[in-house]
Structure formats: C-alpha cells, structure tokens
Amino acid sequence: MNKIEVGILGATGMVGQHFIRFLDGHPWFRLTWLGASERSAGKRYSEAAKWHLGGLAPDEIAGLTVEEAKPGNAPQLLFSAMDASVATEIEQAFARAGHVVVSNSRNHRMDRDVPLLVPEINPDHLKLIPGQQRARGWKGQIVTNPNCSTVVLTMGLGPLKQFGITRVIATTLQAISGAGYPGVPSMDIVGNVIPFIGSEEEKMQQETQKILGNFAGDHVEPLAAKVSAHCNRVPVVDGHTVTVSVEFSSQPTEADLRNAFETFSSVPQQRDLPSAPKRPVQYMPEADRPQPRKDAERERGMAAFIGRLRPCPVFDWKFVALGHNTIRGAAGAAVLNAELMHSEGLLD
Ligand SMILES: NC(=O)c1ccc[n+]([C@@H]2O[C@H](COP(=O)([O-])OP(=O)(O)OC[C@H]3O[C@@H](n4cnc5c(N)ncnc54)[C@H](OP(=O)(O)O)[C@@H]3O)[C@@H](O)[C@H]2O)c1
C-alpha cells in the first residue's frame, strides 16, 4: 500500500512532538511536511525544535526543513497542534485551500458544523462534513478531537448512554503534561494540588454534551444531561484521572453497567483501524485501580480504564476513569480520527 503523505501544523510544539512520535512507523501515513511559525521556518527540525519527549526525534524528521504554516506545498492531510491564538485563521486557510485539517486545537471544536470526534463514541458525527463544506464554500474540511479530560469522561460515559444519562458530576486529577512545556512552574505543583485550570471546566461540560449528542442533519443536538466538572492539576506526569458520579433515567444494575463497559466495542475495532485499541474501555476489578503510573500507557495509551464502580448515595452510580492525556487526549486521538476518515473514504 502506498502511504498517504501527511503534515503537522505546529510541529515544533509539545503536541506536535507527540504527533511525530505517534506517526513514526504508521502503516498508512508518512510524515513528510512540518509547519510552524516564521521563527522556525527555514530551519532544520532539529534546530527549530527543542525535543521534550524521551529519546530523540526520528532521524528522517530531524533533517526536514520546517515550513511556514501557509497553504502551498503541504500534503492534503494535516494534523494540527497550532497554538490556539493562531489556530482559527491558519486552520481555516488550509481548509479553504482544500486540505483536510484534523485538529487538536480547541478553536473549532464547538462550531456547529465541525465534528468533535471520539471515533468509538460518535463516528456518525462525521456526517457534518458535507454541510460544513457547503456552508463555508470549502473544498477541504476541519475535524477536531476533544480536550484531553473530555476524552476520558466521554469514553467512560459512552457505553452508558443507552441507560439515559441525566446528570453527571466529574472531578478531574489532571497530569502536568497536559499543560504543555514549560507548563506549570515546579514550585507550584510539586507536593501540591491546583484546583483551577483555565476554561477547562466549561470545555468538559460543553464538549461532553456535544460528543454524546445526536447527529441532526446540519448540527448535533447536544445530550440533554447536566454535566458539572471540577478540574484539578495534580503532580502526576502523564494520565488524567476522572472520578464520575452519574444519574440515569432508567435503573441499570451494577451488572448492566459492568457488562456495558466490558463488552463495549465500536467502529474503529470493527474496522481494525491501526491505532484502535482492541478493547477501548477496560474495566479493572481491583479495588485500587486504575492508576495513572501503572495503567495510562497500556494499549499504547489509547484505551480508557474504568474501575471502582459502586452505588452513589446522591446520584445512581459512581466510578473512576483514566486515560493518557497526550496520547488518547491529543496526538493519538487525532490520528485515530484520520484513520476513521480514511476508512470512510473521506481522504480519497
Ligand atoms: N499540551 C497538551 O497536552 C495539549 C493537549 C490537548 C490540546 N492541546 C492544544 O494543542 C495546541 C498546541 O499545544 P502545545 O502545548 O503543543 O503548544 P506549544 O508547545 O506552544 O506549540 C505551539 C505550536 O504552534 C506554533 N505557532 C505559534 N505561533 C504561531 C504562528 N503565529 N504561526 C504559525 N505557527 C505558530 C509553534 O511554532 P514555533 O515553535 O515556531 O513558535 C508551535 O509549533 C494548543 O491549541 C493546545 O490548546 C494541548
């Protein structure tokens, strides 16, 4: 199979580096183009970017010249890890010029005509794309993945949607890698908890309702459930933990919920997409799991781990969910989105 050439917008940043690492050796996609700001353009990648991840940037990437993030010679499929202050204009310019932009940035996630995808939960929201192209007069398109804590919450709630979710309270314990580089000052986070992450609670609440909502022609009807998020930064390197209390309109038993988690499988698994975890939602029966250091990297960081399902005296049930924030919550999420799109013929 001839691989599809892909590029990264924002390749020098923290998420850009996760894209480079996640795409290394990908069976369908070959990374050939790197875009960043004019500060980096014209330099070799190894000179333009300070590599923050373990190991080194792959040799063939380290030697590529970074380009300015402007349409021109970029491949059709672009992953975006652009700084949010510039992502709106740059991503739209590429979509207008006919590119498929699979974005990790927050800028377009809540646009009415832009899919906000978790491929296992709402693959049908890709049906928004024809309307997006018509309304905006674009040959290209923009598709997004959620905020890193929202992915974990929606992978935990998705299998339970069948029971009629009415209210959710979700409290996060979010890893410091989610703040990028240099991120939170060490004096603030070592031995400490910071009970505030700017705009994170609003993003989790709104994005969850959109992802769990229903495709309705030219838009998504959000899930009519109340979602309340409490977001906290904790001294963990990788892996966001979310504790969840949920109320249902029906009365599922513990066995119903356990069965829903344990048997959950969806389109990416049926199509055997390269980055799809074999079991996207894994229930851990141990009393003290999941834990970020022990579990976040399992399944290449692409699965959500659930545990501690028990009755909630306020709502109906409560449980813990865990996912890898920079893989399933960023680069891996976008790559799986592109694989889903390819499997639908949207990259042809
Ligand atoms: N960090 C995370 O874990 C995480 C998780 C989920 C989502 N996100 C989102 O992903 C995006 C990237 O986050 P990050 O942490 O990787 O940020 P970052 O490290 O600051 O990287 C930002 C990237 O944007 C480029 N850029 C900045 N200004 C530009 C301009 N005027 N024109 C063209 N390119 C420009 C930078 O290029 P230069 O190096 O040339 O300046 C760099 O490649 C953000 O929208 C963020 O909200 C981040």
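A backbone N or O atom of Gly 13 sits 3.2 Å from an oxygen atom of the ligand, a polar contact in the sense of N or O atoms within 3.5 Å of each other. Met 14 does much the same, with a polar backbone atom 2.9 Å from a ligand oxygen, and for Gly 10 the figure is 3.2 Å. On its own the ligand would expose 910 Å², and the protein buries 79% of that (Shrake-Rupley areas, 1.4 Å probe).

All of this comes from a predicted model, in which local features need pLDDT of at least 70, side-chain atom pairs count only at pLDDT 80 or more, and totals for chains, interfaces and linings use all residues. Numbering runs from 1 along each chain as its sequence is written, and side-chain values use heavy atoms, with hydrogens and water left out.

The shell around the ligand holds 22 residues, and Thr 12, Val 15, Ser 37, Arg 39 and Ser 40 come nearest (a heavy atom within 4 Å counts as near). Nine of the shell residues are nonpolar, eleven polar and two charged, with Gly counted among the polar ones. Helices H1 (14-23) and H4 (84-96) each supply at least two of them, H4 giving the most, with three; helices are DSSP runs (H or I) of at least four residues, strands (E) of at least two.

As for the sheet, six strands form an open one in the order S3-S2-S1-S4-S5-S6, with parallel pairing, where a pair needs at least two DSSP bridges. S3 (67-68) and S6 (141-144) are the edge strands, each with a single partner, so one side of each lacks a neighbour in the sheet. S1 (residues 4-9) and S2 (residues 29-36) pair over six bridges, and Val 6 stands opposite Leu 31 in S2.

Conventions. A polar contact is a pair of N or O atoms within 3.5 Å; within protein, one must be able to donate a hydrogen and the other to accept it, and residues adjacent in sequence count only if both atoms are side-chain atoms.
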